[in-house]
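Let's take a walk through a protein model together. Have the sequence and the 3D view ready, and follow along as we go.

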Amino acid sequence: MSSDSQSSFVEATISSPAASLSDVDSLPSSPTTSSVESNSNDDDGEETDAEREWKESLQQLELLLTMVVVPYVGKYFGRKCAYWGWAKFMQWKYPVEIVVTNEKMFKGAGAVEAAASL
């Protein structure tokens, strides 16, 4: 690793100040600040507030669903499935026919039982 091998990897470029100014002049220019940009910056702040509130409301809905609605619905349909399965087992095991006389009372009782332990 001699200094000759290291210097071969270094490329020295010496440019005149006039050449660098011509490179800068060829770049497109844009205004630094305009009234349109300042108005859009004000709107951006409001959008972020609205987006933040939207995300908070979505989070609250998600919590409501995961903590209240899904367990209640799952418990209700779980009990309904268990009653159906038990009825099918009893009809298979014993020659008994199970008849629900009042469908509304049966559904209401299932809903009340499901909500009782919540």
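## Helices first

Before we name any helix, here's what the word covers: a helix is a DSSP run of H or I with at least four residues, and helices are numbered from the N terminus. With that in hand, we can say that R79 lies in helix 3. Keep in mind that this is a predicted model.

How many helices and strands does the protein chain have? It comes to 4 helices and 0 strands, so reading along the sequence gives you the pattern α-α-α-α. Helix 3 covers residues 35-93, while helix 4 takes in 103-116.

## What's on the surface

Now for the outside. The protein chain has 118 residues, and buried ones make up 3% of them. About 10600 Å² of the chain is exposed, with 62% of that supplied by carbon and sulfur atoms.

Look for a nonpolar patch of about 1200 Å² on the surface. Its members include W54, L58, L61, M67, V73 and F77. Let's pick out M67, which is found in helix 3. Is M67 buried or exposed? Its relative accessibility is 62%, and exposed means over 50%, so M67 counts as exposed.

## A hidden space

How do you find a gap inside a model? Rolling a probe the size of a water molecule over the atoms shows where empty space is left. Searching the whole structure turns up 1 cavity of 30 Å³ or more. The largest cavity has a volume of about 70 Å³.

Which residues line the largest cavity? They are Y76, R79, K80, Y83, F106, K107 and G110. Helix 3 and helix 4 each supply at least two residues of this lining, and the largest share, 4 residues, comes from helix 3. Sorted by type, the lining residues split into 3 nonpolar, 1 polar and 3 charged.

## Back to R79

We met R79 at the start as a residue of helix 3, and it turned up again in the lining of the largest cavity. How accessible is it? R79 has 28% relative accessibility, and the band from 20% to 50% is the partly exposed one, so R79 counts as partly exposed.

One last thing to find in the 3D view is the pair R79 and E113. The two are 34 residues apart in sequence, and their C-alpha atoms are 8.9 Å apart in space.

Definitions and conventions:
Residues are numbered from 1 along each chain as its sequence is written. This is a predicted model: local features need pLDDT of at least 70, side-chain atom pairs count only at pLDDT 80 or more; totals for chains, interfaces and linings use all residues. Side-chain values use heavy atoms; hydrogens and water are left out. Buried means under 20% relative accessible area, exposed over 50%, partly exposed in between (1.4 Å probe, protein chains only). Accessible areas come from the Shrake-Rupley method with a 1.4 Å probe; for residues, only the protein chains shown count as cover. Patches are made of residues with over 30% relative accessible area and no salt bridge: like charges are joined within 9 Å, nonpolar side chains (Val, Leu, Ile, Met, Phe, Trp, Tyr) within 5 Å. A salt bridge is a side-chain nitrogen of Lys or Arg within 4 Å of a carboxyl oxygen of Asp or Glu. On a 1 Å grid over the protein atoms alone, a cavity is a set of points where a 1.4 Å probe fits but cannot get out, and a pocket is an open set with protein on both sides within 12 Å along at least five of seven lines; lining residues have an atom within 4 Å of a point. Grid points are joined across faces, edges and corners, and a volume is the space filled by probe spheres set on the points. Ala, Val, Leu, Ile, Met, Phe, Trp, Tyr, Cys and Pro count as nonpolar, Asp, Glu, Lys and Arg as charged, and the others, Gly among them, as polar.
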